[in-house]
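Here are some worked exercises to try with a model open on your screen. Have a go at each task before you read its solution.

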Amino acid sequence: MNVRHMPPFHPYISELVYNRFERVNNIEDIEHPLIRECMRLHDIHEIRLTYEGDLPARTGLGTSSTFAVGMLNAFCALKGRRISYRQLAQEAIHVERDVLQEHGGWQDQVAAAYGGLNRIDFKDGDFTVRPIVISPERKYELDENLLLFYTGIQRLSSEIQADTFAKPVDKTQQLLDMLQLVDEAEKILCDENTSLSEFGKLLDTTWKLKRGTGAKVSNGNIDELYDIAIKAGALGGKLLGAGGGGFFLFYCEKEKQSALVNAMNKLMIVPFKFETGGAQVLYYAPQVYSPRKDVSLRDSI
């Protein structure tokens with residue numbers, strides 16, 4: 001994402017380029033809700049914002065929250081301020097959950113801000129972040145045994161979340177079981193004497209629990225894809241995000257990966273690695289901002 005102040009020579013005062021193109025003279029006219037509310041939060045005016053993303057939106061990889069975190073970081077830099085990972089996450093949560101009233105959790109905003117492989121705990125309206133400390137060799141093995149497939153299905157996670165929690169069905173036990181698996185997953189990852197294949201099996205357990213939390217989390221086509229992957233050699237996997245489509249993550253040992261890729265040949269495989277950097281300002285060039293004065297000239301063009 002690139003953000004700078006607009007030169008004063010155009011008949012519009014802000015230009016926003018994402019998967020659409022907006023030129024506006026008033027913040028209220030901005031159609032993209034995240035851009036509009038993040039600009040309002042930091043009192044940002046007269047900018048040219050350009051965003052390029054490699055991954056499709058609405059696919060469970062937290063692209064919306066990552067966009068919010070990156071934008072807030074850029075806006076603070078534009079004003080000559082540094083902002084902590086924690087404050088970045090908190091502001092992104094505030095905009096998405098409080099201001100825009102979108103359904104969903106907080107994990108995407110925190111993960112996007114902090115980066116790395118972490119355990120994130122939520123309690124009493126707050127969160128804590130602790131890194132998962134494992135050897136480089138073990139982390140490399142984990143990277144090598146995780147395969148990501150794109151189903152080609154885009155969906156609104158907020159709709160799936162709303163459906164999941166709208167129905168008066170007690171899901172307390174399922175959620176408690178899923179919470180308990182966090183401790184188990186951390187123990188597996190951090191114990192050098194435990195095979196990482198146990199982590200793959202844990203993904204299978206997690207997916208089965210998650211499927212039971214809502215009717216829109218999975219469907220017949222998704223269930224069929226999962227069964228194909230397991231029969232081809234994957235030890236476990238899950239749809240990322242709220243479910244309903246997007247990306248499938250599978251744990252599969254190296255010797256069986258060719259069979260898995262062949263069995264899932266209708267889906268796109270997406271190479272990935274865990275990163276460690278978190279939200280960063282890669283290039284910073286201070287700009288002095290002076291609001292435009294000659295509004296009549298702009299309006300007459």
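**Exercise 1. The whole chain**

Among contacts in the protein chain between residues at least 6 apart in sequence, what percentage join residues at least 24 apart?

*Solution.* A quick word on the ground rules: this is a predicted model, where local features need pLDDT of at least 70 and side-chain atom pairs count only at pLDDT 80 or more, while totals for chains, interfaces and linings use all residues. Residues are numbered from 1 along each chain as its sequence is written, and side-chain values use heavy atoms, with hydrogens and water left out.

Step 1: take a contact as heavy atoms within 4.5 Å. Step 2: keep pairs at least 6 apart in sequence, and 68% of those contacts turn out to join residues at least 24 apart. Step 3: add the overall frame. The C-alpha trace spans about 70 × 40 × 40 Å along its principal axes, and the chain holds 11 helices and 10 strands (DSSP runs numbered from the N terminus: H or I of at least four residues for helices, E of at least two for strands). Of the 301 residues, 43% count as buried (under 20% relative accessible area; exposed is over 50%, partly exposed in between, with a 1.4 Å probe and protein chains only).

**Exercise 2. The largest nonpolar core**

Find the largest nonpolar core and say which element gives the most to this core.

*Solution.* Step 1: a nonpolar core is a set of buried Ala, Val, Leu, Ile, Met, Phe, Trp, Tyr and Cys residues joined through side-chain atoms within 4.5 Å. Step 2: the largest one has 34 residues, and Ile35, Met39, Ile47, Leu49, Met71 and Phe75 have the most contacts inside it. Step 3: two or more residues each come from helix H1 (33–41), strand E4 (47–50), helix H2 (63–78), helix H3 (85–99) and helix H4 (107–114). The top contributor is H2, with 9 residues.

Step 4: zoom in on isoleucine 35. Leaving out residues up to four places away in sequence, Ile35 touches Leu16, Tyr18, Ile30, Leu49, Phe67 and Met71. Step 5: apart from this core lies another, of 21 residues, including Tyr150, Leu196, Leu240 and Val270.

**Exercise 3. An open sheet**

Work out the strand order of the open sheet of 4 strands, then look at how E7 sits in it.

*Solution.* Step 1: count two strands as paired if DSSP finds at least two bridges between them. Step 2: the order is E8-E9-E7-E10, with antiparallel pairing. Strand E8 (236–239) and strand E10 (268–269) are the edges, each pairing on one side only.

Step 3: walk across the sheet. E8 and E9 share 4 bridges, with lysine 238 standing opposite leucine 249 in E9. Next, 5 bridges join E7 to E9, where leucine 148 has leucine 249 as its bridge partner. Finally, 2 bridges join E7 to E10, and phenylalanine 149 partners isoleucine 269 there.

Step 4: check the cover. In E7, 5 of its 5 residues are buried. In a regular strand the side chains alternate between the two faces of the sheet. Here Leu146, Leu148 and Tyr150 point one way, and Leu147 and Phe149 the other.

**Exercise 4. Two positive phi values**

Glutamate 46 and aspartate 124 both have a positive phi; is each one buried or exposed?

*Solution.* Step 1: most residues other than glycine have a negative phi, and most peptide bonds are trans. Step 2: glutamate 46, in the loop between H1 and E4, has a phi of about 55 degrees. Glutamate 46 counts as buried because its relative accessible area is 11%. Step 3: aspartate 124 is in the loop between strand E5 (118–123) and strand E6 (126–131), with phi near 50 degrees. At 72% relative accessibility, aspartate 124 is exposed.

**Exercise 5. Threonine 50**

Place threonine 50 and list what it touches.

*Solution.* Step 1: threonine 50 lies in strand E4. Step 2: its relative accessible area is 28%, so threonine 50 is partly exposed. Step 3: not counting residues up to four places away in sequence, threonine 50 touches Met1, Asn2 and Val17. Step 4: for a distance check, threonine 50 and proline 33 are 17 residues apart in sequence and 16 Å apart in space, C-alpha to C-alpha.
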